[in-house]
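Visitor: Please take a close look at the cysteines and then follow them to the open space beside them.

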2 protein chains.
Amino acid sequence: MAKETYYIGEQSLSFPKEVYVISSASVVGKKEGEGPLGGAFDMICEDDKFGEDTWEMAESTLQKEALALAVGKAGLKPKDVRYLFAGDLLGQNIATSFGLMDYEIPLFGLYGACSTAGESLSLAAMCVGAGYAKCVAALTSSHFASAEKQFRFPLEYANQRPVSATWTVTGSGAFLLSSKKGEARITGITTGKIVDMGIKDSMNMGAAMAPAAADVIAQHLEDFGRKPKDYDKIVTGDLGYVGQEILCNLLSKKNIDISGTHEDCGILIYDKETQGTGSGGSGCGCSAVTLSAHYLPKLKDGSYKRILFVPTGALLSTVSFNEGQNVPGIAHAVVLEHIGEEA
Amino acid sequence: MAKETYYIGEQSLSFPKEVYVISSASVVGKKEGEGPLGGAFDMICEDDKFGEDTWEMAESTLQKEALALAVGKAGLKPKDVRYLFAGDLLGQNIATSFGLMDYEIPLFGLYGACSTAGESLSLAAMCVGAGYAKCVAALTSSHFASAEKQFRFPLEYANQRPVSATWTVTGSGAFLLSSKKGEARITGITTGKIVDMGIKDSMNMGAAMAPAAADVIAQHLEDFGRKPKDYDKIVTGDLGYVGQEILCNLLSKKNIDISGTHEDCGILIYDKETQGTGSGGSGCGCSAVTLSAHYLPKLKDGSYKRILFVPTGALLSTVSFNEGQNVPGIAHAVVLEHIGEEA
């Protein structure tokens, strides 16, 4: 019989019932296809507009295709998916709304900036873990051009970028979660709080998000009574080179050493030397496509037994930024494990 | 022992465990305070900037105050609340981020346009119903001035408004949900799909949202095997006068007559004759404050035994609108019941 309470520690849930990722898919743009993970993505589109008229519709198409692929890989049909947990970076989540509309599946729209991949997996796992559905989908997207238009400058402006700036990933990752045995198991989550350390530079997202990542990782280890060595990898979403250093420093002050265990999807996805991507990749597509293409296969084949996936988000809009507000961060942690013999 | 599966019909969940609203609070602006429900709100602020420098921070303050009141009414402290399920209408949910940051409570940021009040209550109820937390909060806000700035014209422009336009409510409603006995019980939810009937007029949100409301209400009645007469009221969020007529017409084509049972928060909250609010109130604060101030007391005292609360959202941004996209709608239904003798 299931326990009555599943929450542990201050901010975590441990799932007693089985929650599996049964399939996933990654769809990316040309630049991501040319990066170090290029061979691992399911679909690389040479045309970053994906045949659409606008960057926003291109991003919608990313989500539509990623979900179609994930559903197809699982041998299911869209109607087998009971809920969608999805979001993007654009104002009023329009990439999600217009991308997923035609599926006619009940939708929970989410916004957690670039942490949304963690938020969507968390809520999807909670839903399946409670027995509320047999199969649900979690998906997120970002697009370099729609994000530049939303948050920075028109592409035609060709402005220079500081080295601390990250490069928004054009990509969408979709995950199907189910109580049936799958590729990896989600065994717990730690849900993050907003952390504001007073960063005001919207071109230095890594610094804005690192404190939130440090906070949720430290809390996670405390809640579950674990050490960094209990994980093969502790994977942040898009801190980049600048944020990675800050994260490791912040955690070392709490006597937590993740320097040998930490990886960042934003660092993995581009080649810093040849691709001109500054501090690394970012966007809520960055961590999603990297989890799908790079980490899930390693969890499936047992190369990794357990990882902590920690997408990180910077909470700002052009309005909040122009009004002089800080850029606080948030991060959500998800434990993914190799299934092994037990299944 | 709890059932293994809680989902019923195509899109619904029925909660076998007890999920209660244990307290709620409503904070509104001056105009809402002068409306028909004025006497019922917990806090009415004469200054629509709530002492802040910007409209966005004013909206953040609405959420902050609403949550503080709801927590205080329940005799709890913020740290007793394990998760926040919250959202607003602004790009990148900034009212929510900056309003709730200081609470340091794990946050699930949501975006469902004006349906977010239903989405947040649904996810909060799912969380409590699964035993994932003893107490969580669901809250949403909107602000007339921040919404006009986000979606329409600068206030200083003093443009004319078509009669089909709604008036964004300045307000925030917060709800604490718990497994402990409270003011009303949440017994089920029906989660909506995006419905696009081809409406392109962003000044006629009622028409854009009515099909989604009709869809989720019809599905709800089918999933639960109920008739409109099984509800004292079927309450939409902000269809206004224009949307109400369309909703009743759409449902009558499916042989569902809700004309004697339907109410709309956007119609209740303003006096059409004297307040110049066009088709009615709107915004994700509209349904939230009306549920808190008007419906929950009637459920608590038994005037109503059961209502269906159906906040409705129009999915657009200025970008999607300017790029010629339609304005699709979404709506999420929540069943709230009088507790009565059973508790």
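Guide: The cysteine sulfur closest to that of B:Cys127 belongs to B:Cys135, and at 10 Å it is too far for a bond. This is a predicted model, in which local features need pLDDT of at least 70 and side-chain atom pairs pLDDT 80 or more, while totals for chains, interfaces and linings use all residues. Residues are numbered from 1 along each chain as written, chains are lettered from A and ligands numbered from 1 in written order, and side-chain values use heavy atoms, without hydrogens or water.

B:Cys127 is buried (under 20% relative accessible area, 1.4 Å probe, protein chains only), with a value of 1%. A:Cys284 is buried too, at 0%. From the sulfur of A:Cys284 to the closest cysteine sulfur, in A:Cys114, the distance is 5.8 Å, which is again too far for a bond. Over all chains there are 0 disulfides, a disulfide being a pair of cysteine sulfur atoms within 2.5 Å.

B:Cys135 also belongs to the lining of the largest pocket, where B:Cys135, B:Lys79, B:Asp80, B:Val81 and B:Arg82 lie nearest the centre among 25 lining residues. A pocket is an open set of points on a 1 Å grid where a 1.4 Å probe fits, with protein on both sides within 12 Å along at least five of seven lines; lining residues have an atom within 4 Å of a point. The volume of the largest pocket, the space filled by probe spheres set on the points, is about 550 Å³.

The second largest pocket has a volume of about 360 Å³. Its lining of 22 residues draws on both chains, with A:Gly91, A:Gln150, A:Thr318, B:Gln150 and B:Thr318 nearest the centre.

Notes: Buried means under 20% relative accessible area, exposed over 50%, partly exposed in between (1.4 Å probe, protein chains only).
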